[in-house]
Amino acid sequence: MIKIQLKCDKYDDDNAKCILIMDGHANFAKKNDIVCAGASAIAYSLLGFLDNYYPRSYSLLIRDGYLNVECVEYGPELQVAFDVIYIGLLQLAAQYPECI
């Protein structure tokens with residue numbers, strides 16, 4: 001099961017940050033795990049956004065079955081990006097609750 005933690009403070013708060021942590025594997029299928037692929041695609045979409053719009057404002061740790069991204073020094077656009085990620089992951093979890 002993929003465990004997800006997502007937090008995004010209001011950008012104008014002191015010490016505000018946005019964090020996404022994904023830990024584990026979906027274990028939907030041994031080969032071609034569509035749930036893992038879906039969750040990864042959503043996460044990599046966020047990373048693409050960050051690379052393009054906030055290239056020096058985030059830290060990243062990726063290893064097998066684990067992703068941790070933390071953003072600081074950001075604006076309202078990042079909150080919208082995190083909202084989109086949240087909605088996408090929620091929809092995936094609703095479809096595959098045993099996996100996420």
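Which residues does Ser57 touch, leaving aside those up to four places away in sequence? In this predicted model, the partners of Ser57 are Glu70, Cys71, Val72 and Glu73. Ser57 itself sits in the loop between α1 and β3, and with a relative accessible area of 13% it counts as buried. Two of these partners, Glu70 and Cys71, return below, Glu70 in a salt bridge and Cys71 as a cysteine that is in no disulfide.

Helix α1 makes a good place to continue. The helix runs over residues 34–53, and its 20 residues, at 1.5 Å a residue, should span 28 Å. The C-alpha atoms at its ends are 28 Å apart, which agrees with that expectation. The buried residues of α1 are Val35, Ala39, Ile42, Ala43, Leu46, Leu47 and Leu50. Because they cover an arc of only 135° around the axis, they fall on the same side of α1. What do these buried residues pack against? Their neighbours are the strands β2 (18–23), β3 (58–63) and β4 (66–71), together with helix α2 (76–95).

The face of α1 turned away from the buried side carries the exposed residues Tyr44 and Asn52. For Tyr44, the relative accessibility is 51%, so this residue counts as exposed; the cut-off for that class is over 50%. Tyr44 and Ile85 are separated by 41 residues in sequence, and their C-alpha atoms lie 10.0 Å apart in space. At the N-terminal end of α1, the cap is provided by Asp33, which places a side-chain oxygen 3.1 Å from the backbone nitrogen of Val35. Val35 thus appears twice in this account, as the residue whose backbone nitrogen faces the cap and as one of the buried residues of the helix.

The loop that leads from β2 to α1 deserves a look at its backbone angles. Most residues other than glycine have a negative phi. Asn27, although not a glycine, has a positive phi of about 55°, and Asn32 likewise has a positive phi of about 55° without being a glycine. Asn27 is placed in the loop between β2 and α1, and Asn32 lies in that loop too. Are these residues buried or exposed? Asn27 has a relative accessibility of 60% and so counts as exposed, while Asn32, with a relative accessible area of 72%, is exposed as well.

Turning to the cysteines, how many disulfides does the model hold? The count comes to one disulfide, and it joins Cys8 to Cys18 with an S to S distance of 1.9 Å. Cys8 belongs to strand β1 (residues 3–8) and Cys18 to strand β2, so the pair ties together parts that are ten residues apart in sequence. The two ends of the bond can be described separately: Cys8 is partly exposed, with a relative accessible area of 27%, whereas Cys18 counts as buried at 0% relative accessibility. Cys71 is in no disulfide; its nearest cysteine sulfur belongs to Cys18 and is 5.9 Å away. Cys71 is also buried, its relative accessible area being 1%. For Cys99, the closest cysteine sulfur is in Cys36, at 9.8 Å, which is too far for a bond. Cys99 is buried too, with a relative accessible area of 2%.

Charged side chains complete the picture. Side chains of opposite charge can pair when their charged atoms come close. Two salt bridges are found in the structure. In one of them, Lys7 pairs with Asp9, with the closest N and O atoms 3.4 Å apart; Lys7 is partly exposed, at a relative accessible area of 40%. The side chains of Glu70 and Lys17 also meet in a salt bridge, with an N to O distance of 3.4 Å. Since Glu70 lies in strand β4 and Lys17 in the loop between β1 and β2, this pair ties together parts that are 53 residues apart in sequence. Glu70 is partly exposed, with a relative accessible area of 26%, and Lys17 is partly exposed, with 25%. Glu70 therefore brings the account back to its starting point, as it is one of the residues that Ser57 touches.

Definitions and conventions: Residues are numbered from 1 along each chain as its sequence is written. This is a predicted model: local features need pLDDT of at least 70, side-chain atom pairs count only at pLDDT 80 or more; totals for chains, interfaces and linings use all residues. Side-chain values use heavy atoms; hydrogens and water are left out. Helices (H or I, at least four residues) and strands (E, at least two) are DSSP runs, numbered from the N terminus. The expected span of a helix is 1.5 Å times one less than its number of residues. Buried means under 20% relative accessible area, exposed over 50%, partly exposed in between (1.4 Å probe, protein chains only). The arc is that of the directions from the helix axis to the C-beta atoms. Contact means heavy atoms within 4.5 Å. A polar contact is a pair of N or O atoms within 3.5 Å; within protein, one must be able to donate a hydrogen and the other to accept it, and residues adjacent in sequence count only if both atoms are side-chain atoms. A disulfide is a pair of cysteine sulfur atoms within 2.5 Å. A salt bridge is a side-chain nitrogen of Lys or Arg within 4 Å of a carboxyl oxygen of Asp or Glu.
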